[in-house]
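Student: Could you walk me through one part of this fold up close, and how it packs against its surroundings? I'd like the cut-offs stated as you go.

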Amino acid sequence: MKYYKALLFGSIGSIVETSEIQRKSFNKAFKQYGLDWNWTKLEYQNLLSKSGGKDRISRYAKKKKIEVNSVYLRNLKTKLFNNYLKKNHLKLRPGVKNLISLCKKENIKIAFVSSTSSNNINAILYCLRNSINKRDFNFIGNAKLVKKYKPNPDIYLLALKKLKLKANDCVAIEDSQESLNSARRAKIKCIIFPGKFHSSRKFSGALKKVYRLNKNIILR
């Protein structure tokens with residue numbers, strides 16, 4: 001069997017399901033800020049069509065015709081989200097643990113190619129500490145490493161540089177269209193592994209769409 005040389009987990013959602021926790025964290029932040037906003041599951045699902053918490057808040061505020069401090073709100077939401085992660089253990093998504101184990105056994109490099117904040121990354125890895133280890137990854141991205149976030153390809157291009165690999169040596173796993181676009185713009189083949197809030201979407205340009213990871217993911 002011929003494997004790819006690297007497996008690139010693109011977003012937090014490609015490893016663990018957090019959309020509902022994030023939605024509740026946004027709503028708690030709004031309440032603490034004094035807003036009467038309450039994003040329903042359906043509403044939040046629609047808002048996820050574009051990435052970036054700060055921009056999501058700004059667009060929503062513009063629609064409501066009010067001014068808010070979107071940076072403060074995003075940071076407050078992140079604090080609430082991370083506090084939840086520190087106090088709770090989350091389960092890896094189906095097949096993630098076994099696939100990481102197989103990659104380690106076959107000497108396939110593993111990367112976490114996220115352009116979210118380092119606080120979010122650290123909180124996720126902490127709450128998953130009983131399942132995966134930070135040392136399992138040959139590269140871990142974060143927002144401070146690039147100027148342009150997804151759907152721009154910058155974080156993927158940086159990962160390729162750090163891993164010393166070419167785009168066709170790797171396969172990426174993403175859970176949203178914008179993140180899929182990021183991988184494709186870096187010329188990396190990408191498999192869609194949609195979470196609960198993305199499962200009904202149509203994905204353009206994906207190599208394939210799966211709901212559980214297995215060894216076929218890393219087969220060329």
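Tutor: Happy to! Contact here means heavy atoms within 4.5 Å, and helices (H or I, at least four residues) and strands (E, at least two) are DSSP runs numbered from the N terminus. This is a predicted model, with local features needing pLDDT of at least 70, side-chain atom pairs counting only at pLDDT 80 or more, and totals for chains, interfaces and linings using all residues. Residues are numbered from 1 along each chain as its sequence is written, while side-chain values use heavy atoms and leave out hydrogens and water.

Let's take helix α4, residues 70-87, beginning with its packing on α6 (118-127). On the α4 side, Thr78, Phe81, Asn82, Leu85 and Lys86 meet Asn119, Asn120, Ala123, Ile124, Tyr126 and Cys127 of α6. Sorted by class, this contact has six nonpolar, four polar and one charged residues (Ala, Val, Leu, Ile, Met, Phe, Trp, Tyr, Cys and Pro are nonpolar, Asp, Glu, Lys and Arg charged, and the others, Gly among them, polar). The axes of α4 and α6 lie 8 Å apart at about 15 degrees (lines fitted to C-alpha atoms over the stretch in contact, with angles from 0 to 180 degrees between N-to-C directions). α4 is therefore roughly parallel to α6 (under 35 degrees; over 145 is roughly antiparallel, 65 to 115 roughly perpendicular, the rest oblique). Their crossing is left-handed (the near helix is turned anticlockwise from the far one by less than a right angle; clockwise is right-handed).

Now for α3, residues 53-64. Its axis is 9 Å from that of α4, at an angle of about 130 degrees, so the two helices are oblique to each other. This crossing is right-handed. Gly53, Lys54, Ile57 and Ser58 of α3 touch Ser70, Val71, Leu73 and Arg74 of α4, giving three nonpolar, three polar and two charged residues.

α4 also feeds the largest nonpolar core, which has 36 residues (buried Ala, Val, Leu, Ile, Met, Phe, Trp, Tyr and Cys joined through side-chain atoms within 4.5 Å, where buried means under 20% relative accessible area with a 1.4 Å probe, protein chains only). Leu7, Phe9, Ile15, Leu128 and Leu213 have the most contacts inside this core. At least two of its residues come from each of β1 (6-9), α4, α5 (96-105), β2 (109-112), α6 and β4 (170-174). Beyond four places in sequence, Leu7 has partners including Leu99, Cys103, Ile110, Val171 and Ile217.

Conventions
Buried means under 20% relative accessible area, exposed over 50%, partly exposed in between (1.4 Å probe, protein chains only).
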